[in-house]
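Me: I would like to understand the reasoning behind the terms used for this structure. Please take me through it step by step.

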Amino acid sequence: KRGPKVKIYYGRKKIDAYEGETVGAALCAAGINVFTRSVKYHRPRGMFCAIGKCSSCMMRVDGVPNVMTCVIPVRDGMRVEPQNCFPSASHDLYSIIDRLGFKFPAGFYYRLITRPRSLSALYLKLIRPLTGMGKFPTANRGFKPMTKSEQRETEVAVVGAGPAGLSAAIHAARLGCRVTLIDENPMLGGQLIKQTHMFFGSKEYFAGVRGIRISEKLAEEVKQHENIEALLNTSVVGLYEGNVLGIVQGNKFATMRAKKVIVSTGAYEKTLLFNNNDLPGVMGAGGVQTLMNVFGIKPGNEALMVGAGNVGLIISYQLLQAGVKVKGIVEAVPRIGGYFVHAAKIRRMGVPIYVSHTIKRTWGRRRVEGATIVQLDDRWKEVEGTEKDIKCDLICISVGLKPTYEFLYQAGCKMKFISELGGHVPLRTKNMETSVKGVYIPGDTGGIEEADTAMVGGKIAGISAALSLGYGDKEAEEFREKAIMELEDLRSGPTSARIRSGIEKALIEEG
Ligand code: FES
């Protein structure tokens, strides 16, 4: 259900938006695809991940530069402007630099233009204003400087309110802890809020229930606990020694000292290397789901899906339901990765699935207008002469996720690259505690898995944090042991062999 109508301004253009919507969603709904331009080559930039993890959508909002518009909710009268362009993002005169890109290769630095010496000062004067990300904030556009730092305390800080974070907060609160749950998005639920399909798995972990309903149930329970404080639209900008978090909420900065920190920041979407992979219209699978399922916005008219795993197949079906023509699904490996039932449904709807194929390039001036796909041989080399052009305005990249790990490196956790778990992950005990005492990592942060394993992981982390603070009793300990066994059970099938091998490499002993 949409909130009340508001007006926002994109440059001089007045745009209708609805309360609860993000700025990025409102721009997409108004048909604006080029939000801003890149710093060096002035290439067009639009929405990619829609969850504040890629920086593709950064714009100037109410005089403040570099605001991630995909997570900032609209407000009546808000002023949104593109950055790094003149006179507008869709017609940027500086985009000539992209055409002359061969003159400015990677590593080019304008201060190295020193010949002829007499002109170097002039070069600097002309080039310097073109550098840097956006312009300094201006007071006359409603910008308010950051207020003085505030110091806060909590017993358990949970960073990230997806399935793992919600479950951790609930279980720590049930045992009596004072919990602060922090998320940069305007809603609780993380990626669950965009998942309209029914979950597989065990009944205890919501099999047969839609992701969005699971997030509502968990959010409802969070609200019932008076000892959980939920801070939404709030970013955690650092995790420092002694479990001190730096947090930013609007124009307020605060430090929060937590006795225990549960990092459930989830994952990033992976992307692929191909020519023009940064054009607006190339989107991550999660970004496409956010536009369609959270905000009711059609992300394009003709789509090409890259990746035939379950996510790629399910989103292709959802795109078809939303009236988008899916022109094909490409999959690099010689077989379809998702369930047969999903693939059969998609094929019956007339969508071709090209296995042993990849995307070679996209084309288009300001947004995607088409793509070229190509066949791969058994050594992953492109087979010459097999290129096929597909006209489309949306390319949905569904090639998996990788854990978000920045905080954990910053906190000094011992990390390891484990490909079975999706990338760099922290070493952890079976109670989800990292090598840094008092820092726990349930969910995709510790390795890419499913929502049910994230919820069980959250349960283990929440109970462990509470037990280490002196809450709970023998019964809570037994409950945690049972949860550890449940997690092993969920990972016991033949399809989880890779995960089991990854977890084995990441486990460390208590103490
Ligand atoms: S950060 Fe906004 S689209 Fe990725």
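Me: In which loop does Pro87 lie?

Reply: In this predicted model, Pro87 lies in the loop between S7 and H2. The peptide bond that leads from Phe86 to Pro87 is cis, and its omega is near -5°.

Me: Where does Tyr94 lie, and what makes Tyr94 count as buried, partly exposed or exposed?

Reply: Tyr94 is also placed in the loop between strand S7 (79–81) and helix H2 (96–99). Its relative accessibility is 31%. Buried requires under 20% and exposed requires over 50%, so Tyr94 counts as partly exposed.

Me: Which residues form a nonpolar patch on the surface?

Reply: The patch consists of Phe86, Leu93 and Tyr94, and together they have about 310 Å² of accessible area. For Tyr94, the cut-off for a patch member is over 30% relative accessible area, and the value of this residue is 31%.

Me: What is the phi of Ser55, and why is Ser55 called partly exposed?

Reply: Phi of Ser55 is near 70°, which is a positive value in a residue other than glycine. Ser55 belongs to the loop between strand S4 (44–45) and S5. Its relative accessibility is 37%. Partly exposed covers the range between the limits of 20% and 50%, so the term applies to Ser55.

Me: What is the phi of Ser356, and how do you know whether Ser356 is buried or exposed?

Reply: Ser356 has a positive phi of about 55°, although it is not a glycine. This residue is found in the loop between S18 and strand S19 (357–363). Its relative accessible area is 18%. The limit for buried is under 20%, so Ser356 is buried.

Me: What is the order of the strands in the open sheet with mixed pairing?

Reply: The order of this five-stranded sheet is S2-S1-S7-S5-S6. At its edges are strand S2 (13–18) and strand S6 (64–68), each pairing on one side only. From one strand to the next, the twist averages 40°.

Me: What makes the pairing of this sheet mixed?

Reply: The individual pairs show both senses. S1 and S2 are antiparallel, with six bridges, whereas S1 and S7 are parallel, with two bridges. Two strands count as a pair from at least two bridges onward, and the two bridges of S1 and S7 reach that number. Strand S5 (residues 58–61) is joined to S6 by three bridges, and these strands run antiparallel.

Me: Which residues stand opposite one another in these pairs?

Reply: Lys7 is opposite Asp16 in S2. Tyr10 has Val80 in S7 as its bridge partner, and Met58 has Met68 in S6. In the hairpin of S1 and S2, two residues stand between the strands, and Gly11 takes a positive phi near 60°.

Me: How do the side chains along strand S1 alternate, and which of them are buried?

Reply: In a regular strand the side chains alternate between the two faces of the sheet. Along strand S1 (residues 5–10), Val6, Ile8 and Tyr10 point to one face and are buried. Lys5, Lys7 and Tyr9 point to the other face and are not buried.

Me: Which strands stand at the edges of the open sheet with the order S15-S22-S16-S17-S18, and why?

Reply: This sheet has five strands with parallel pairing. Strand S15 (282–284) and strand S18 (353–355) each have a single partner strand, so one side of each lacks a neighbour in the sheet. The twist averages 20° from one strand to the next. Within the sheet, strand S16 (residues 302–306) pairs with strand S17 (residues 325–331) over five bridges in the parallel sense, and Val306 stands opposite Val330 in S17.

Me: How many disulfides does a search of the whole structure find, and why is Cys177 too far from other cysteines for a bond?

Reply: The search finds zero disulfides. The closest cysteine sulfur to that of Cys177 is in Cys413, 20 Å away. A disulfide requires sulfur atoms within 2.5 Å, so this distance is too far for a bond. Cys396 is likewise in no disulfide, and the nearest cysteine sulfur, that of Cys392, is 11 Å away.

Me: What makes Cys177 and Cys396 buried?

Reply: Cys177 has a relative accessible area of 0%, and Cys396 has a relative accessible area of 0%. The limit is under 20%, so both residues are buried.

Methods:
Residues are numbered from 1 along each chain as its sequence is written. This is a predicted model: local features need pLDDT of at least 70, side-chain atom pairs count only at pLDDT 80 or more; totals for chains, interfaces and linings use all residues. Side-chain values use heavy atoms; hydrogens and water are left out. Helices (H or I, at least four residues) and strands (E, at least two) are DSSP runs, numbered from the N terminus. Axes are lines fitted to C-alpha atoms, for helices over the stretch in contact, and angles run from 0 to 180 degrees between N-to-C directions. Patches are made of residues with over 30% relative accessible area and no salt bridge: like charges are joined within 9 Å, nonpolar side chains (Val, Leu, Ile, Met, Phe, Trp, Tyr) within 5 Å. Accessible areas come from the Shrake-Rupley method with a 1.4 Å probe; for residues, only the protein chains shown count as cover. A salt bridge is a side-chain nitrogen of Lys or Arg within 4 Å of a carboxyl oxygen of Asp or Glu. Buried means under 20% relative accessible area, exposed over 50%, partly exposed in between (1.4 Å probe, protein chains only).
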